[in-house]
Amino acid sequence: MKLVLDWDATCTVSDSLVDAIRRFGDERVFRSGHGSYGESLVAEVGTIRADAATVSAWAAEHVEGRSGLHALAARYHPVIVSSGLPQLIAPVLAREGLDLEVRSNDADPDPGGWRLRFRDEGPCPVCGDMCKRRSLPEGRPLVYAGDGVSDRCAAGAADRVFARGWLAGELQREGLPHERFESLDDVAAALS
């Protein structure tokens with residue numbers, strides 16, 4: 001079995017990228033209309049103007065891990081697949097003493113606004129957007145746990161899906177199989 005975890009609001013209690021944009025960027029970007037998820041992400045990250053060290057230190061101090069992350073990591077050594085940024089993910093993993101593979105987007109910090117670099121080039125052939133599906137690891141069965149819009153296409157490639165938040169509502173609406181979770185303890189218990 002290969003376990004994949006989304007980062008923001010799955011491994012963490014809240015969405016660290018959204019929180020970082022609110023702290024270091026311009027939250028008005030969330031009210032702007034964008035044609036796609038990828039365009040929205042570029043615009044949002046582009047409002048961050050702080051240096052990388054400041055943002056990473058803030059993440060290490062303020063981003064809270066979701067209950068059960070340590071136990072799940074010890075037992076299954078999951079791969080984290082995220083639309084987020086290493087500047088927000090790596091400091092939290094280091095603080096928690098976790099050494100996990102992370103497949104995420106990246107950004108070039110710039111005082112004029114960070115420039116997002118997508119992990120995968122070009123839009124996904126399945127959904128047509130800059131999703132995480134192509135970042136999924138090889139191996140079956142593939143188990144995916146996520147919560148948001150960026151998880152929808154990747155969850156569609158999994159053999160078993162754990163969902164919360166927006167993703168759970170969307171899968172329910174579409175009548176697609178999934179198991180709801182609130183803590184990662186729930187995921188660990190279901191996989192036992």
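## Starting with strands

Two strands count as paired if DSSP finds at least two bridges between them. Keep that in mind while you look at this predicted model, where Lys2 stands opposite Leu142 in E6. One step along, Leu3 has Val143 in E6 as its bridge partner. Altogether, 4 bridges join strand E1 (residues 2–5) to strand E6 (residues 142–146), and the two run parallel.

E1 has a partner on another side of the story too: E1 and E2 pair in the parallel sense over 2 bridges. Here Leu5 stands opposite Ile80 in E2.

## The whole sheet

Now zoom out. In what order do the 6 strands of the open sheet come? Reading across, the order is E3-E2-E1-E6-E7-E8, with parallel pairing. At the edges you'll find strand E3 (102–104) and strand E8 (179–180), each of which pairs on one side only.

A helix lies across part of this sheet. Helix H8 (residues 184–191) crosses E1, E6, strand E7 (160–163) and E8. The angle between H8 and E7 is about 155°.

## What's packed inside

The largest nonpolar core has 40 residues. Which of them touch the most other members? Those are Leu5, Leu17, Leu72 and Leu191. Several elements chip in two or more residues each: E1, helix H1 (16–24), helix H2 (37–45), helix H3 (52–62), helix H4 (69–76), helix H5 (86–96), E6 and H8.

Leu72 is a nice one to click on. Leaving aside neighbours within four places in sequence, Leu72 is in contact with Leu3, Leu5, His77, Pro78, Leu184, Val187, Ala188 and Leu191. There is also a second, separate core of 15 residues, and Ala157, Ala158, Ala163 and Ala168 are among them.

## A look at helix H5

Which residues of H5 are buried? They are Gln87, Leu88, Ile89, Pro91, Val92 and Leu93. The buried residues of H5 pack against quite a list of elements: H1, H3, strand E2 (79–82), E3 and strand E4 (106–108). Right after H5 comes Gly97, with a positive phi near 70°.

## Some unusual backbone spots

Most residues other than glycine have a negative phi, and most peptide bonds are trans. With that in mind, look at Ala9, which is not a glycine but has a positive phi of about 65°. Ala9 sits in the loop between E1 and H1. Is Ala9 buried or exposed? With a relative accessible area of 9%, Ala9 is buried, because buried means under 20%.

His77 is another residue other than glycine with a positive phi, this time near 45°. You'll find His77 in the loop between H4 and E2. The relative accessibility of His77 is 46%, so His77 counts as partly exposed; that label covers values between the 20% and 50% cut-offs.

Then there's a peptide bond to check. From Arg140 to Pro141 the bond is cis, with omega near -5°. Pro141 lies in the loop between strand E5 (115–117) and E6.

## Empty spaces: the pocket

Rolling a probe the size of a water molecule over the atoms shows where empty space is left. How much space lies in the largest pocket? About 340 Å³. A total of 22 residues line this pocket, and the closest to its centre are Asp8, Asp15, Val18, Tyr37 and Ser150.

Two elements, H1 and H2, give two or more residues to the pocket lining. H2 gives the most, with 4 residues.

## Empty spaces: the cavity

A cavity is a space where the probe fits but cannot get out. The count here comes to 1 cavity of 30 Å³ or more. The largest cavity holds about 80 Å³ of space. Which of its 13 lining residues are closest to the centre? They are Asn105, Arg119, Asp120, Cys131 and Ser135. E2 and E3 each supply at least two residues of the cavity lining.

Methods: Residues are numbered from 1 along each chain as its sequence is written. This is a predicted model: local features need pLDDT of at least 70, side-chain atom pairs count only at pLDDT 80 or more; totals for chains, interfaces and linings use all residues. Side-chain values use heavy atoms; hydrogens and water are left out. Contact means heavy atoms within 4.5 Å. Axes are lines fitted to C-alpha atoms, for helices over the stretch in contact, and angles run from 0 to 180 degrees between N-to-C directions. A nonpolar core is a set of buried Ala, Val, Leu, Ile, Met, Phe, Trp, Tyr and Cys residues joined through side-chain atoms within 4.5 Å. Buried means under 20% relative accessible area, exposed over 50%, partly exposed in between (1.4 Å probe, protein chains only). On a 1 Å grid over the protein atoms alone, a cavity is a set of points where a 1.4 Å probe fits but cannot get out, and a pocket is an open set with protein on both sides within 12 Å along at least five of seven lines; lining residues have an atom within 4 Å of a point. Grid points are joined across faces, edges and corners, and a volume is the space filled by probe spheres set on the points.
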